[in-house]
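These are my notes from a first pass through a structure that was new to me. I kept each entry to what I looked up and what came back.

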Amino acid sequence: MLQRIREVITIANSPTSDPASKKQALDFLTEARSDPNAAQLFSSLLTDLQSDDLARFVALQVLCDIVKDSSNNNSQQSLIFIKDVVSELLQTKITNNIRDPEYVRNKISELITGLFYNMYGDCNSNHWSSFFQDLITLSKIDSLTKSPIDEFSKLGLDYFLRICGFINSEIADQTFIRSKELQIKNNNLKDTMRIRDIQTLVTIWLNTLKASIPQQLQQQSNATGIVVLTLSVIGSYISWIDLSLIVNPEYISVIYSYLDFPGTRIACAQALCEIIAKKMKPMEKLNLLSMLNLTDKVTSLEHDDIEVYEQLAKLSASVGLELSIILEQCNEGDSTPEIQQVANSADQQILTQVAPLVFKFMSHEYDSVTQQCFPFISQYLSILKKIFALGGKPGCAIALMSKKQPLDPQHQEFIISLLNIIFKKMKIDESSDEDSEDEIEEFTETIRSKLKIFQDSIAIINPAIYLENISNHIQLCLAETDWRYLELGIYQMTNLSESIKNNLFGITKNEIASSQPTMVMFKFMDILLRNSAVFQIDNQYVQILFFELVVRHHSYLSGEKDDIVLLNIFCSNFGMFNKREKVRLRTWYLFTRLLKTTKPKFSVSVLSEIIAKLVPLLQIKVINLNQDGTESDTTFDNQLYLFEGVGLLIGGNSDSTYNILDEILTPLFTELEKCISAQSQDRAIILQCHHILMAIGTLARGIHGGLVPENQVNNALVSKKLIDRSLIEKFSNIAEVVLVTFSYFNKYENVRDASRFTFSRLIPILNNEMVPFANKLIALFLESDLKMLEMNDFLGFLGQMIHMFRKDEGCYQLFNELLTPVIAKYHAVLEGIEDENTKGPQSWYPDSSNVKDTSTNGKNIVLTDTFRDKVIMSKAYFAFLQTLITNSVTSLLLTEKTRQILPSLLTELLTYTPEEVQETSAMKLALNVLNNFIKYFGSGKCTDPNDTHAVGLERLDGLNEFFITKIVPLVFEIPFRPEYKFNVKEGGYRIVATDLSRALKEIYLQSGGGSDVNANPCLKYMVDLYLPQIQFPQQLIMELVEALITSDQKGFEKYYLTLIGKLTS
C-alpha cells in the first residue's frame, strides 16, 4: 500500500503526467485520506526509509489535515497517536542531525503547532500541558533555559524557533479575521502561555542571541539563520506578552548589538520596529525611545545593501511615527505641565533627531526606500495641521479644529525641507525614458500621489510658504528644456490649480477669483501657452499632461485670444496631428471636452481657419476589417469626438450662419453616394456607411449642444427659439439622406443602429418637422428583421418621439396609425427569440453551466438565454408603454384604430408564469404600467385630465368588468399559490405585493368606490363569486372588504402585506 501511495504521489506531481492520470491519482489520495486508518497509514509513509522528501511532505500535509479535523470530531485518540509519531520523528532527526529541506521542516513545525492548538491549555482539557517542556527536551536545547553555553542542538533550536513562529501565527496573527469562538480560544491559549511558559521561552531566545554573538563576530554564516529566526519570533510575540520581559537593559542591548552585523541587520531592525510599536503610555514610550537612541545608531551604520537601507529607513520612520503618536496623545484632552513637557520633548526629538535622518532616507534614489518614510510624514503632518493650520476651506473640520498657533522657525524649517524633498522626488527618474510606461505608472501611483497629499497638507498648514515655494519650483521647471522638468512643472501647475479649486488656502469664496494664488495661476498659464520650448518637446507625457491641464483648468485662460491660441496648439503636430496614436486619440477627446465646457463663440472667419485645419482628420476610412465585419481599430470611435467638437464650434458661431456646415457634410454625402452606388454591398461598404451615419449624428449632437445652453438641452421650446430656419433646412436634407441610405441598407443591423442614432440627434433641431421623416423611418424599421437589442433600442427611440412631440397633433396621428404594427413587431421579435433558441442546444445564462440555482434567495429559476432575452425585451416594452402614461397620451390605446389590440395587451399585463413572477424587476415595471392603466381607463373611459384627446373617445363597454375578472384572481393567486414561491419578506417580492394591493384598490375605486357591495361591481365579484369559490374564510372576506373600503392606499398596502404574511407563514 505504501508503495502504491508513493507511486500515486509521483504521478500527481509529475509535469509529464496526463490530466486523466493526475485526476485518478488525486482521487486515490483523497480516498486514502478519508480512510479511518489514514493516520496510521500516512504516519508509516512519513517514517518509511523509502519515502522521498515529496512523499514525506504529502504525508505531513495529510496528518496536518487530520489534526485539524480532529478538533471538530473530538478524536483525541488520533491526536495522541500522531503526537507520539511526530515526537519520535523529531527526536530521531535531531539526534542524528538529519537536516531536511526547509519546506519539510516548516511542514513538521506546522504539524506540531496543530497538535499544540488542539491539545495544550485549559480549553483543550490540558491533554498536552507539558508541550513546551517536552519540545525543549526533544529539541535538545535544555541548556538554553539556564545559560548561553554553546551546548545545544542547532537543528533542534531551528525546529523550536520555527514552531514558536507558527504558534504565534496561529493564535495571535491579526492579519486574518477569526470567529468569536476561535478568538476566545486563542486568548485562552495566550493566557495559559503567559502563566506557564512565556518566561522560559523568553529566556531561551535571550540565551540564543547571547550564544550567537561570538559566532557573528567570527562571521560564521551558519549561525545567522538562527539569529534571524530568533529576532523574528521576538518581534512577533512582543505585541501580546509582558513588555518588561523584553524591554529591559540586558535584553535590549543584546538585540541592539545585532544591528552591527550585516547578516542580521534587517531582522534586528524589524524586531526593533515591533518593539517600539508596542502600546504604552506616552511617558513610558518616550523613555523607551530615549533608551534605544535608534537615530544615532542608524546614523552610525555603514551599509550599501538596498534591502538594509529600506529596513533602516522603516526603523527611523517608525521612531518618528511613535514620537508623533506620543505628541498626538499629549495634545488630546486637558494638558498638564507634565504632559506638555512630554509633548515638547517628543516634538524636539522629531525635529532635531528623526527628521534629518528621515529626510536623508526620503531623498534616496530608490523609491522603495522613500516609501518607508511615508507613514511618519503623514502622521506628523496631520498633527501639525491641528496645531498650525491656517488654510483649509472655511468651515471645514481642519479649519475649525486648528489651534492656529504661529509657525515657529523650527517647524518652518521642517516644512520647507520637506517641500524641497517632495519637489525632488516628484520628478520622473533619469533612468526612466518615454517607453518606461509601467515604471512611470507605478511611480505615479505609489510615490507621486502620496507626495501630492503631503504637499497639500503643507498648503493647509501654511498657505504662504506653500505658494511661495511651489511658485518658485514651477518657474524653475518651466525654464528647463529636459522633458522631465517640463512634465513636472505642468504637473505642479495642475496641483496648484487643484489646491485653489479645493480652497486649501482658506480664502473666502467671493475672494478666490482675485486672490494671489489665482493670479499666480493666471501668470503660469500665460507663460505656458507662450513657452515655445514646451511645444518643441517630442514626449507623450508632456503633451498629454499639457492638454489635460489646459482643459481641466481652462478658467485660467484669458479670453478669446487665449482660446484661439489653444485651439491652434490642439490643431498642431503637438496635439491632434501627433505621430503617437496615444497622444492623438487622447487630444481628440480633450478637444471636444474643452469645447463642451467653454462653448466658444467664434466668428465664421475664425471658424473657417480652424475647421480647414481639422478637415484632414474628418476623413472616414474603414481599416483593419475583421472577418465578422467589425474593426479591430478604435480610431473611428475616437474620431467621433472630432465631429462633435466641430459641431459645437459651428453651432456656437457668433454670426449665426451655417453655410460652413456644407464643408463638413458634402464630403460625407459624397461618400454615402459611393456606398449606395457600389456594385456590391460588402462588409467594408456597410461599415463605411455606418461610420458616416454615426459621424453625421454626432455632428448634429454637437451643433445642438453649441446652440442651446447646457441646462436647456432637453427644452424643445428653447431649442425652437434658438434654431435658425436655414439650419432646419440643412437638417431636413440630412434626414432625407439618412432615409435614402437606410432604405438601401436596412437589412444590416449596424446601419439600422446608426440610422436610429442619427435620427435621435436630429429630433431636437427639427422638432415637429421631424414627424414626416420619422413616419418613413419607423415604417422602414417595421419592415426590417430586428434583433432583440435593436427592438429594445427602437422602443426607446419611439418613447423619445412620444416625449418630444406629445403635444403635436401630427405625432399623435402618426402613433395612432403605427402603434398597432409596432406592438405586433414586438411580439414577432419575441416569438423569434423563442423560435431561434429552440432550433439548437440552449446556452445557459449567465454562463455555460446547465442551471443557475438562485435558491439561496428563495428563488429557483432556470435562467436560459431565451428567458433572459424575454425579460430584457419585456422591460423595454413596459418602459415604452409607460411613456404613453407619463406623456398623457394613454388615449392612443382607446382609439378606433388601436382598441382592437387592447385585450391582448392587457392580457400580457394580467397573466404571469411563476418564472416571470420570480423575476421581480420586470414584474415591478409591468405592475406599475397596469396600475396606471387601471387609474386612467379602468372604468372603461379615459380619465387622464392632461390627455387632450380623451374627451372625444367613447366609453369601452365591458372594459371595467374585464379588469375586475382578471385583477382580483391575480391579487389572490400570485402571493398564495405554491408554484409562485412568493416570499413577502424579500424586498423584491414585497414591492410586487405592494403593487398588487394598489391594483386592487385602484380597480375598486374605478368601479365606483363606496361601501355598498351590490353597487360596486368589484366588491360584488369578490364577495359573491370569487372569494367563496376559492374557499376564502368568511371572516377574512369581511375584514378584507372593510379594509378596502375604509383604508387609504398606504393603509390597505399595510393590511394586504400583513394578510399575506399571516396566510403563508
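Entry: Thr264. I began in a loop, the one that runs between α12 (249–257) and α13 (265–276), where Thr264 sits. The model is a predicted one, and I read each value below with that in mind. Is Thr264 buried or exposed? I found it buried, because its relative accessible area is 0%. I then looked for a partner of the side chain. The side chain of Thr264 reaches the backbone oxygen of Tyr258, at 2.8 Å.

Entry: Asn207. I next took a residue in a helix. Asn207 belongs to α10, which covers residues 198–217. Its relative accessible area is 5%, so I put Asn207 down as buried, the cut-off being under 20%. Which backbone oxygen does the side chain of Asn207 reach? I noted that of Leu144, at a distance of 2.6 Å. I also listed the contacts of Asn207, leaving aside neighbours within four places in sequence. They are Leu144, Thr145, Lys146, Ser147 and Pro148. Leu144 therefore appears in both of my Asn207 searches, as the residue whose backbone oxygen is reached and as one of the contacts; Asn207 itself is buried.

Entry: Leu161. I looked up Leu161 in helix α8, residues 154–171. Leu161 counts as buried, because its relative accessibility is 0%. What does Leu161 touch, not counting residues up to four places away in sequence? I wrote down Trp205, Ile226, Leu229, Thr230 and Val233. I also took one long span from here. Met694 is 533 residues from Leu161 in sequence, and their C-alpha atoms are 70 Å apart in space.

Entry: Phe42. I moved to helix α3, residues 38–47, which holds Phe42. Phe42 is buried, because its relative accessible area is 0%. Setting aside neighbours within four places in sequence, I found Phe42 in contact with Ile5, Ala32, Arg33, Ala59, Val62 and Leu63. I followed up one of these, Ile5. It is 37 residues from Phe42 along the chain, and the two C-alpha atoms are separated by 9.2 Å.

Entry: Met1022. I did the matching search in helix α46, residues 1017–1029, where Met1022 is found. Met1022 is buried, because its relative accessible area is 0%. Its contacts, apart from neighbours within four places in sequence, are Val968, Leu1000, Leu1027, Pro1028, Leu1040 and Leu1044. How far apart are the C-alpha atoms of Met1022 and Val968? I got 7.1 Å, for residues 54 places apart along the chain.

Entry: the annotated domain. I checked the UniProt record, an unreviewed entry. It places the feature "domain: Exportin-T C-terminal" at residues 346–831 and 873–1061. I looked at the second range. Over residues 873–1061 the chain is 63% helix and 0% strand. The end C-alpha atoms of that range are 32 Å apart.

Entry: backbone angles. I looked for phi values with an unexpected sign. Most residues other than glycine have a negative phi. Lys404 is not a glycine, yet its phi is positive, about 55°. I located Lys404 in the loop between α20 (397–401) and α21. Lys404 counts as partly exposed, because its relative accessibility is 41%. Ser656 also came up, with a positive phi near 55° in a residue other than glycine. Ser656 is placed in the loop between α31 (635–651) and α32 (661–676). I noted Ser656 as partly exposed too, because its relative accessibility is 41%.

Entry: the largest pocket. I finished with open space. How much space lies in the largest pocket? I recorded about 630 Å³. The lining has 28 residues, and the closest to the pocket centre are Asp367, Lys427, Ile428, Asp429 and Phe443. I then asked which helices contribute. At least two lining residues each come from α18 (367–371), α21 (409–426), α22 (437–461), α23 (463–478) and α24 (483–501). The largest share, six residues, is from α22. By type, I counted the lining as 10 nonpolar, eight polar and 10 charged residues.

Note on methods: Residues numbered from 1 in each chain as written. Predicted model: local features only at pLDDT ≥ 70, side-chain atom pairs only at ≥ 80, totals over all residues. Heavy atoms only, no water. 1 Å grid on protein atoms, 1.4 Å probe; cavity = no way out; pocket = protein on both sides within 12 Å on 5 of 7 lines; lining within 4 Å. Points joined across faces, edges and corners; volume = space filled by probe spheres on them. Helix = DSSP H or I, 4+ residues; strand = E, 2+ residues; numbered from the N terminus. Nonpolar A, V, L, I, M, F, W, Y, C, P; charged D, E, K, R; others polar. Buried < 20%, exposed > 50% of the residue type's maximum accessible area, 1.4 Å probe, protein only. Polar contact = N/O pair within 3.5 Å; in protein donor to acceptor, adjacent residues only side chain to side chain. Contact = heavy atoms within 4.5 Å. UniProt positions renumbered as here; feature names shortened; annotations may be inferred.
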